[in-house]
Amino acid sequence: MYKGKVSPEEIRESARLRALEEYGAFDADSDSTLRGLVTLAAQICGTPIALVSIVDDHRQWFAARVGLDAHETPRDQAFCAHAILAP
C-alpha cells in the first residue's frame, strides 16, 4: 500500500471524477438546452465549432456539439484536461 502524500490536485481530481459519476454526466442524450447554447455560442463567436465537454479519467466527452461529428476524444488530446488540473 502506498503511504506517500497525496497532492491537492489529486484530491480535487478524485472528487471531481466521483461527482461526475454520481451525476451520471456521461453518455446521456444531449440536452436540447445545451444544444441550443452551443449553437448560439458558435453564432455569436462566428465559429464553425462549439462544444460542451466533460472530461473523465480517460476521455473528453462532448455533451453537446455543433460543427463536429466526433462524440469524444482521448483525454490526452483534450485541452480541457490540462485546464482542469491547473491551480
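Here are three short exercises on the sheet and the salt bridges of this predicted model.

**Exercise 1: The sheet**

Work out the order in which the strands of the sheet are arranged, and which strands lie at its edges.

*Solution.*
- Start with the general idea: strands of a sheet pair through backbone hydrogen bonds, either parallel or antiparallel.
- Here, three strands make up an open sheet with antiparallel pairing, and their order is β1-β2-β3.
- Next, look for strands that pair on one side only: these are β1 (50-55) and β3 (72-74), the edge strands.
- Then consider the twist: on average, neighbouring strands are turned by 25° against each other, direction ignored.
- Finally, find what packs on the sheet. Helix α2 (residues 32-45) does so, touching β1 and β2, and its direction makes about 75° with that of β2.

**Exercise 2: Following Arg59**

Find the bridge partner of Arg59 in β3, then identify the salt bridges that link Arg59 with Asp56 and with Glu72.

*Solution.*
- Begin with the backbone. Strand β2 (residues 59-66) pairs with β3 in the antiparallel sense over three bridges, and Arg59 has Pro74 as its bridge partner in β3.
- Now turn to the side chain. Arg59 meets Asp56 in a salt bridge with an N to O distance of 3.2 Å.
- A salt bridge also joins Arg59 to Glu72, where the closest N and O atoms are 2.7 Å apart.
- Place this pair in the fold: Glu72 belongs to strand β3 and Arg59 to strand β2, so their salt bridge ties together parts that are 13 residues apart in sequence.
- Check the surroundings, remembering that buried means under 20% relative accessible area. Arg59, at 10%, counts as buried, and Asp56, at 8%, is buried too. Glu72, with 38%, is partly exposed.

**Exercise 3: A pair within a helix**

Explain why Glu13 and Arg16 are separated by about one helical turn, and decide whether each is buried or partly exposed.

*Solution.*
- First locate the contact: Glu13 and Arg16 form a salt bridge, with the closest N and O atoms 2.9 Å apart.
- Then count along the chain. Both residues sit in helix α1 (residues 8-23), and because they are three residues apart there, about one helical turn separates them.
- Compare the accessibilities: Glu13 has a relative accessible area of 12% and is buried, whereas Arg16 has 22% and is partly exposed.
- To finish, widen the view. The structure holds four salt bridges, and those that share partners join Glu13, Arg16 and Arg75 into one network.

Conventions. Residues are numbered from 1 along each chain as its sequence is written. This is a predicted model: local features need pLDDT of at least 70, side-chain atom pairs count only at pLDDT 80 or more; totals for chains, interfaces and linings use all residues. Side-chain values use heavy atoms; hydrogens and water are left out. Two strands pair if DSSP finds at least two bridges between them. Helices (H or I, at least four residues) and strands (E, at least two) are DSSP runs, numbered from the N terminus. Axes are lines fitted to C-alpha atoms, for helices over the stretch in contact, and angles run from 0 to 180 degrees between N-to-C directions. Contact means heavy atoms within 4.5 Å. A salt bridge is a side-chain nitrogen of Lys or Arg within 4 Å of a carboxyl oxygen of Asp or Glu. Buried means under 20% relative accessible area, exposed over 50%, partly exposed in between (1.4 Å probe, protein chains only).
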